[in-house]
Amino acid sequence: MTMNQLIFFKEAARLQHFNRAAEALNISEPSLSRSISSLEHELGVILFEKKGRNVTLTKTGMVFSEHVDKILEDIEIAKDKMREYATDGGHIDIAYVAPLAKKFIPGIVRNFLNYKENRNVIFNFSQNTSIDNIAGLKKGLFDIAFGSYIEDEKDICFVPVLEQEMVVILPADHPLASVEEFNINEFDNYPLLSYESASGLGKRTRKFFRTYDLHPNIICESPDEEGISALVAAGFGIALVVNVDAIHRKDIIIKKIADDITVKHTVYMCYLKEKYQIPVVQRLIKFIENKLDLIDKEMRGC
């Protein structure tokens, strides 16, 4: 069964006349007749019966016609959708880590949609760890992901888009609450709450401790700042975290690290290098790359 056979059948059913249908289709009447006969042979039923020079649908022809209408309608819908994807529309599937949910992702998407050519774009969002986001990219679940750099992912393009300052957080009644800045040697003197060791931020903080030959007692791991800050506020220990909204609460003290030591975490935009991207995804990638200075200025510390 071919598309032409369905179109020929539809036109013959509409005009109830093979010769007129052939003229409308700009083919010969014998060609139309052969096509219909071949279709009937394939289906094992008679679709038309002759009445003089006209033809009418048989009972089986009427049932088949209903399905053909649906098939041709679905094809037109699919064509329209593909034309939309090829121009100004389509879906973009984005994955990101939790700290970006409040400002960064909404800000990027809102600015992108403000451009006329992007107003028909629909976004799907997913919040996961950086490792899960990269795995989703490789499986084709996401078009773009945002999170930490993951080593040995040679098929992924990592574009740095944001630098976040890292600070120390303490319970409000901590012995060091009154010091102006936090001396890094104090990490070895108090229980530490940390990001999950397998996460990008978990690896970043542990690399910091190795760099300065520190050996803190990590008593608990949490996937994000909200969980860590809750434990800090409850007096379980201290933490080195990204300076995001979740840690700004009345029962937590935030300290910068002393001795001009600056700890930063880089957020990356990630996508597959060799994967075909629909035009709207390509536009979003270029949009973000062209707005890096503005993003860093407006979203730092998001």
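# A tour by selection

Start with the cysteines: the count of disulfides here comes to 0. This is a predicted model.

**Stop 1: the cysteines**

Select C157. C157 is in no disulfide, and the nearest cysteine sulfur, that of C270, is 8.5 Å away. C157 is partly exposed, with a relative accessible area of 21%.

Now add C270. Why is there no bond from C270? The closest cysteine sulfur, in C157, is 8.5 Å from the sulfur of C270, too far for a bond. A disulfide needs the two sulfur atoms within 2.5 Å. C270 counts as buried, at 1% relative accessibility.

**Stop 2: two packed helices**

Select residues 18–25, helix α2, and residues 29–43, helix α3. At what angle do α2 and α3 pack? The angle is about 105°, and the axes are 8 Å apart. α2 and α3 are therefore roughly perpendicular to each other.

Show the side chains at the contact. From α2, pick F18, N19, A21, A22 and L25. From α3, pick E29, L32, S33 and I36. Colour them by class: the residues of this contact divide into 6 nonpolar, 2 polar and 1 charged.

**Stop 3: N133**

Move to helix α6, residues 130–139, and select N133. Is N133 buried or exposed? N133 is buried, with a relative accessible area of 1%.

Which residues does N133 touch, not counting those up to four places away in sequence? Show A95, Y96 and V97, then N128, then F142, A145 and F146.

**Stop 4: salt bridges**

How many salt bridges does a search of the whole structure find? The search finds 11. Three of them follow, with a small network after the first.

Select D245 and K102. Their side chains meet in a salt bridge, 3.7 Å from N to O. D245 lies in the loop between β9 (238–242) and β10 (252–255), and K102 lies in the loop between β3 (89–96) and α5 (104–113), so the pair ties together parts that are 143 residues apart in sequence. Turn on the surface and check both ends. D245 is partly exposed, with a relative accessible area of 26%. K102 is exposed, at 59%.

Keep that pair and add K103. K102, K103 and D245 are linked in a network of salt bridges.

Next, select K275 and D143. The N to O distance in this salt bridge is 3.7 Å. K275 lies in the loop between β11 (264–272) and α9 (279–290), and D143 lies in the loop between α6 and β5 (144–147), so this pair ties together parts that are 132 residues apart in sequence. Are K275 and D143 buried or exposed? K275 is partly exposed, with a relative accessible area of 28%. D143 is buried, with a relative accessible area of 12%.

Last, select R249 and D251. Their side chains meet in a salt bridge at 2.7 Å, N to O. R249 counts as partly exposed, at 32% relative accessibility. D251 is partly exposed too, with a relative accessible area of 29%.

**Before you close the viewer**

Three selections are worth saving. Save α2 with α3, the roughly perpendicular pair. Save N133 with the residues it touches, among them Y96 and F146. Save the network of K102, K103 and D245.

Conventions. Residues numbered from 1 in each chain as written. Predicted model: local features only at pLDDT ≥ 70, side-chain atom pairs only at ≥ 80, totals over all residues. Heavy atoms only, no water. Axes fitted to C-alpha atoms, helices over the stretch in contact; angles between N-to-C directions. Helix = DSSP H or I, 4+ residues; strand = E, 2+ residues; numbered from the N terminus. Parallel < 35°, antiparallel > 145°, perpendicular 65-115°, else oblique. Contact = heavy atoms within 4.5 Å. Nonpolar A, V, L, I, M, F, W, Y, C, P; charged D, E, K, R; others polar. Buried < 20%, exposed > 50% of the residue type's maximum accessible area, 1.4 Å probe, protein only. Salt bridge = Lys/Arg side-chain N within 4 Å of Asp/Glu carboxyl O.
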